[in-house]
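Here is a short note for a colleague who has not seen this structure before. The points go from single places in the chain to the whole.

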Amino acid sequence: MKVLKFGGSSVANADNIKKVVSIVQEYKDAIVVVSALGGVTDLLIQTGIAAAHGKETYKETLLQLEKRHIETIKNLLPVTSQSSCLSNIKTQFNELEDICEGVFRLGELSKRTQDRIISFGELLSSTIISYFLKSIAVNIVWIDSRKVIRTNSHFGFGSVQFDTTNQLIKDFLQENPASLYIAPGFIASDADGHTTTLGRGGSDYTAAIFAAAVDANNLEIWTDVTGMMTADPRWVPNAKTIPFTSYREAMELSHFGAKVIYPPTIQPAMQKLIPIWVKNTFAPAEHGTLIQSSSSDGEEIITGISSINHVTLLSLEGGGMVGIPGFSKRLFEALATEKVNVILITQSSSEHSICVAVNTVDAEKAKRAVDTAFDYEIKTGQVDPLKVEHDLSIIALVGDKMKSHPGIAGRMFAALGRNGVNIRAIAQGSSERNISAVVAYADVKKAVNVLHEAFFESSYKQLNIYIVGAGNVGSKLIDQLKQQQEYLLHNLNVQARVTGIANSKKMLLNEEGINLNTWKADLQTAEVMDLQQFANNIINRNLRNSVFVDVTANHEVAALYNQLLAKSISVVACNKIAASSAYKNYLQLKSLSREFNAPYLFETNVGAGLPVIGTLNDLLRSGDKVNKIQAVLSGTLNFVFNNYDGTRTFAEVVKQAQDEGYTEPDPRLDLGGTDVMRKIMILAREAGEKIEMDDISNESFLPASCFNGSVADFYEEMKKHEKHFKALYEAAAKKNCKLKFVASFENGKASVGLQHVPSNSDFYHLYGKDNIVLFYTQRYPEQPLVVKGAGAGADVTASGVFADIIRVAR
């Protein structure tokens, strides 16, 4: 014999019931347990509560429920078979209405009466399905589960008396032989015949009770998902079906929030070694999950990840606990007296504290009970008043194979730590089947995704990228990301998703990833840009492996880095403002990056896409020491002086550089030397020097009047001073030299300025917009290590930002 259970979603309406019956008809010797129609139990609970509070709205709810069941009958049964079923259902609703009216008049709803009210859900559904099966000539017998399942009188969660129950079930089946039985789930009765229930989800338990009583070949739990999953698919899109698992793994997963199967269900089946199948009513051909005595022989060490939300942590601490026996006993007795269920326990080896996790709904009475139990110790200072922490969740890794594989806990905590998930408490049983951690409720979705990626998605790592700045460089970056998405996925195992794009006017956010084919049009119709709100969205969405990319030259954007890094959000900055700000701020950003394990990368601050900062860092990490740096660091200035020969005005050449995208939005930052000062300062800082902008000497070649007014005024001023610029060119040309704006750092001093470069200099043959950096170090004392190449341009700058993003991923 087999036992099948169909949940509320499986019998939610007539069409679904037909699917259930098509499955049931394939079985010749089976007991079918059914839940109430989907959502009915909740409505019945609301009805009882409304009646108890004197709200006549309960009558409207009853009418809606009656109408729904009658419509189901009419959509299922042929007209000739409807009359007796409708009469039966009407009789049950009359009885239900009488009970609710009594509750309304008394203004009181006892647990016993509530059990009676909510029992009608399963009674009604099982009755309708029985009539439907009979209408299609299936020989069935309806079992009133209250007559055969005996519990104590703990209404709401009756404890099954298995010896009596097993005998009652066997006697009933012997006296009422049939090939198919239909039974309502969830309900039972006590010794006095009063209706009891088995707890929410108790229909699964009902099926297991029947299966154990008849020594069934199989227990099948039919639901709306294809088996148990490696994680909650509502949170983890890549969650997979678990094909095989053990009884104990399934118990752990179901206890820690996996809703597919009701936790008590497993025990009766496990005792009789009855295999449990979890199947999908709407995809019956799918394999589903088989729960048996041992898990599969596959390679997966972890079977699944689960979580419990709305958890409160209770901590009892005090020096008076050390070495004194009995504190734990008294704590648990106090909680047990108030019927507070303890979900997780952990105690420090010093015995100075003990910590338990409970459901948040029980927290207030738990605190009262514990503070009362330890009133004397609290007053005398031996222990502190119970510490209560709300808004927490528990995440759990579950797997039988963890015991034989060291390092699982390390991988778990490392993955969480890298994503800024703080762990409040940890527990692991000696069986090593479960590692549990308490985290903030705000972090639980990210934590589950992080762990799923770490243990089940070794094929790729997902990056969630937020880009601020959608201008020339930003657009090129997005184009490069779009072009390389498939390459990154297949060759580097990186799934690069752009989840946010913003410019100065609009911001576009999509947690599932922005369509990079239509992002420009989508951005135009997106919400108005609010920089702090954009940052708050990144923080509150709390997606794993989040990367903030700043492709602006904006002070306000740079000011966000601190709060983002403090939330373990990596920062990739094309913007030089933060790294060239006050040394104290630069140091703080580097410190936050280390503390919260969030990379802060800014390779493109110097040399666009050239590997300048990376090379410098590699030298230092390998033990080398920088003696001197000489560099031409402005692609703009190099372009200008390579193209200015007096045949065109200096202003025209500068305008060409701006039009071709080589300059900052305000070209004076380039031509005045400010941008080069920032760059050499960043290199000096990365080399270990404490240096500020005021410490750098700047021999500017621009007349002072050029710095006044707007950018348009700047161009007019340059035209006025054309003789000055021509004189600079001619002075260098007379010496067979070229003009180069050179930055230097040596012996703790930095300077920038226009120089006459002779033909034997490394800087002489520097063409177009190229940059060059010469590193003189202990290992390269005479012949410097040279980094040379294009130092400006949207494409190369975007590629440098792209490279930093990949560094974050790796």
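1. Just after helix α23, G623 takes a positive phi of about 100°. Helices (H or I, at least four residues) and strands (E, at least two) are DSSP runs, numbered from the N terminus. This is a predicted model, in which local features need pLDDT of at least 70 and side-chain atom pairs count only at pLDDT 80 or more, while totals for chains, interfaces and linings use all residues. Residues are numbered from 1 along each chain as its sequence is written, and side-chain values use heavy atoms, with hydrogens and water left out.

2. Helix α23 itself covers residues 612–621, and its buried residues are V612, I613, T615, L616, N617 and L619. Buried means under 20% relative accessible area, exposed over 50%, and partly exposed in between (1.4 Å probe, protein chains only). These buried residues pack against β24 (626–632), α27 (674–686), β28 (770–777) and β29 (785–790); contact here means heavy atoms within 4.5 Å.

3. Two other positive phi values deserve a look. Most residues other than glycine have a negative phi. F186 is not a glycine, yet has a positive phi of about 80°. The loop between β4 (180–184) and β5 (187–189) holds F186, which is buried at 4% relative accessibility. N493, also a residue other than glycine, has a positive phi near 55°. N493 sits in the loop between α17 (472–491) and β18 (494–502) and is partly exposed, with a relative accessible area of 37%.

4. In which order do the strands of the open sheet run? The order of its 8 strands is β3-β4-β2-β1-β7-β9-β10-β8, with mixed pairing. Two strands pair if DSSP finds at least two bridges between them. The edges are β3 (140–142) and β8 (244–246); each has a single partner strand, so one side of each is left without a neighbour in the sheet. On average, neighbouring strands of this sheet are turned by 20° against each other, direction ignored. Axes are lines fitted to C-alpha atoms, for helices over the stretch in contact, and angles run from 0 to 180 degrees between N-to-C directions.

5. At the β8 edge, the partner is strand β10 (residues 289–292), paired with β8 in the parallel sense over 3 bridges. Opposite S246 stands Q292 in β10. Helix α10 (residues 247–255) lies across β8, β9 (276–280) and β10, and runs at about 90° to β8.

6. Helix α5 (residues 111–118) has D115, R116, I117 and I118 buried. Their cover includes α2 (40–52), α4 (79–106), α6 (120–135), α7 (145–148) and β6 (195–197). The axes of α5 and α6 come within 5 Å and cross at roughly 20°. That makes α5 roughly parallel to α6, a label given to angles under 35 degrees (over 145 is roughly antiparallel, 65 to 115 roughly perpendicular and the rest oblique). R116, I117 and I118 of α5 make the contact with F120, G121, E122 and L123 of α6.

7. I465 is found in strand β17 (residues 461–468) and is buried at 0% relative accessibility. Leaving aside neighbours within four places in sequence, I465 is in contact with L481, A496, R497, V498, T499, G500, V547, V549 and I805. I465 and S504 are 39 residues apart in sequence and 18 Å apart in space, C-alpha to C-alpha.

8. T797 lies in helix α30 (residues 794–809). Is T797 buried or exposed? T797 is buried, with a relative accessible area of 9%. Apart from neighbours within four places in sequence, T797 is in contact with V473, C574, T604, A608 and G609.

9. Finally, the whole chain. The protein chain has 30 helices and 29 strands. Its C-alpha trace spans about 120 × 70 × 55 Å along the principal axes. The radius of gyration is 36 Å, where a compact globule of 810 residues would have one near 28 Å; the radius is taken over C-alpha atoms, and the globule rule is 2.2 Å times the number of residues to the power 0.38. Buried residues make up 53% of the 810. Of the contacts with a separation of 6 or more, 72% are between residues 24 or more positions apart. The accessible surface of the protein chain comes to about 34900 Å², with 48% belonging to carbon and sulfur atoms; accessible areas come from the Shrake-Rupley method with a 1.4 Å probe, and for residues only the protein chains shown count as cover.
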